[in-house]
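Hi,

Here's the structure I promised to pass along. Have a look at it first, and my notes follow underneath.

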Amino acid sequence: MSYLKNLPEAENKRILIVGGGFAGLRVARKLKGTGYQILMIDKNNYHQFQPLFYQVAASGLEPSAISFPLRRIFKGVPNMLFRMVELEKVEYENNRVLTNKGYIDYDYLVLATGADTNYFGMENIKKYGTPMKSVSEALYIRNRLIANFEEAYTCDSQEKRRQLLNVVVVGGGPTGTELAGAIAEMKRYSLPKDYPTMDFSDMRVILVEMGGRLLNGMSDVAGEKSLKFLESLGVEVMLNAAVKDYDGENVKLEDQEIPSNILLWAAGVAPNPVPGLPEEKFFRGRLKVNEFLEVEGMKNIFALGDLAYFEEEKFPKGHPQVAQVAIQMGDRLAKNFKLIDKKKEPKGFSYTDLGSMATIGRKLAVVDLPFIKFQGFIAWLTWLFVHLMAIVGVKNRLFIFMNWAWSYLNFDASLRLLIRPRKVQHEEEELMIDDSK
Ligand SMILES: Cc1cc2nc3c(=O)[nH]c(=O)nc-3n(C[C@H](O)[C@H](O)[C@H](O)COP(=O)(O)OP(=O)(O)OC[C@H]3O[C@@H](n4cnc5c(N)ncnc54)[C@H](O)[C@@H]3O)c2cc1C
């Protein structure tokens with residue numbers, strides 16, 4: 001393998017950041033203007049705001065509104081570089097990573113590659129189910145739902161129509177709860193406008209959760225209220241129920257089958273693998289780090305965010321895999337790099353839990369703050385404000401604000417377009433259209 005082409009040599013020490021998610025982006029932004037060469041690599045050339053994926057899936061927002069071009073943060077800053085390449089292996093003995101485009105040497109390595117979907121070894125769910133761990137998967141869900149609605153409208157078999165309209169969401173955490181709520185709202189507000197003669201009593205939105213409550217990471221009251229809110233929107237919530245199998249047409253539970261040609265899998269995350277590092281450095285796929293966020297026993301390799309596993313007194317089982325942890329870890333590490341640069345001692349990381357929240361629908365949200373818990377309209381306004389402020393990019397923030405205001409006034413997000421990517425090939429003067437999705 002050769003050296004990654006067109007990469008300037010580092011005059012000073014090079015910090016290689018792998019992953020432009022919440023953690024990686026934070027480190028890079030905070031190190032602007034320092035003496036280090038900051039090189040970020042990511043398999044995509046944009047940052048994704050995962051908390052709003054469900055709104056893309058439910059036709060509430062355009063994918064571009066929750067994505068931010070990574071190159072823009074490096075624009076005009078000479079010591080900051082971005083390359084769209086994929087990490088394949090860490091050769092820690094040589095201070096080198098191998099990517100799909102060539103190798104890169106580093107002085108410090110920051111691993112922040114996040115997590116992907118966990119199917120818990122269920123091959124059929126992996127094959128036929130639909131995950132939502134990237135903006136492109138969220139867009140796929142949107143297209144798939146709209147394609148189903150379009151087909152159901154011209155379908156003369158009630159049995160088939162039900163299968164096309166039913167949506168089964170698996171996993172009662174924030175993602176599943178928010179997704180089920182948003183699809184139930186589509187059914188209630190926007191779909192009857194688009195398909196005025198369709199009988200939507202044929203459509204079921206079902207949320208399946210293996211445990212006995214929703215939003216397990218939040219307070220009991222948040223779990224109870226979210227159940228009430230979902231039921232008020234017409235979602236059938238099945239608690240203590242597990243999906244056993246799925247063949248693309250019927251969802252099999254212990255005691256029943258639900259006809260549905262879409263199963264949205266929001267039931268688990270697994271850290272992205274980091275090949276090359278010894279097995280003993282991992283705990284359940286996450287990289288074990290010390291308080292300085294160094295991978296245990298490796299002085300110049302750090303892991304952050306969903307990928308990192310660090311036990312502190314308040315969090316004896318490690319931190320939750322949420323954005324705040326990733327952001328705070330990124331902040332600490334950037335500060336430590338500045339201290340290291342000044343030949344000072346780095347400081348240890350400790351997570352400050354700022355609270356958690358989830359939105360179930362219009363005017364329906366639950367908020368747990370360290371000092372107060374509240375639900376309903378005020379919680380919903382709080383959720384809107386916090387998420388609007390967290391979005392990367394002023395243009396995106398403005399766009400989302402206008403979008404939300406419009407949807408609030410009209411009960412209609414009006415983004416339900418079915419646009420499939422097409423590849424046009426010119427072959428022997430014949431125009432061929434490859435309609436693969
Ligand atoms: C649908 C959904 C909703 C969520 N909602 C919330 C919420 O409401 N609140 C909350 O706090 N948290 C939420 N989370 C969790 C939160 O998004 C994560 O905890 C957070 O993104 C973790 O940040 P990170 O930097 O560790 O990883 P990520 O943000 O996932 O970033 C990882 C980056 O690494 C890149 N990458 C991965 N593998 C490679 C590779 N091999 N080579 C190069 N690049 C690679 C990816 O492209 C990505 O840019 C949600 C997550 C999902 C999926």
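Which residues in H1 meet which residues in H9? Before the answer, one caveat: this is a predicted model. On the H1 side you'll find Phe22, Ala23, Arg26, Val27 and Lys30, and on the H9 side Ala323, Ala326, Ile327, Met329, Gly330, Asp331, Leu333 and Ala334. By type, that contact splits into 9 nonpolar, 1 polar and 3 charged residues.

As for how the two helices sit, H1 covers residues 22–30 and H9 covers residues 323–341. Their axes are 8 Å apart and meet at an angle of about 30 degrees. Angles under 35 degrees count as roughly parallel, so that is the label for H1 and H9. The crossing of H1 past H9 is right-handed.

Next, the sheet. It's an open one with 5 strands, running E11-E18-E12-E13-E14, with parallel pairing. E11 (130–131) and E14 (236–238) are the edge strands; each has a single partner strand, so each has one side with no neighbour in the sheet. If you want to trace the E11 edge, follow its parallel pairing with E18 (residues 263–265), which runs over 2 bridges. There, threonine 130 has leucine 264 in E18 as its bridge partner.

Last stop is H6, residues 158–165. Its buried residues include a charged one, Arg161, alongside Gln163, Leu164 and Leu165. What do the buried residues of H6 pack against? They pack against helix H5 (135–153) and strand E17 (257–259).

Shout if you'd like to go through any of it together.

Cheers

Conventions: Residues are numbered from 1 along each chain as its sequence is written. This is a predicted model: local features need pLDDT of at least 70, side-chain atom pairs count only at pLDDT 80 or more; totals for chains, interfaces and linings use all residues. Axes are lines fitted to C-alpha atoms, for helices over the stretch in contact, and angles run from 0 to 180 degrees between N-to-C directions. Helices (H or I, at least four residues) and strands (E, at least two) are DSSP runs, numbered from the N terminus. Angles under 35 degrees count as roughly parallel, over 145 as roughly antiparallel, 65 to 115 as roughly perpendicular and the rest as oblique. A crossing is left-handed if the near helix is turned anticlockwise from the far one by less than a right angle, and right-handed if clockwise. Two residues are in contact if their C-beta atoms, placed from the backbone, lie within 7 Å. Two strands pair if DSSP finds at least two bridges between them. A residue is buried if 20 or more other C-beta atoms lie within 10 Å of its own, exposed if 12 or fewer, and partly exposed in between; C-beta atoms are placed from the backbone.
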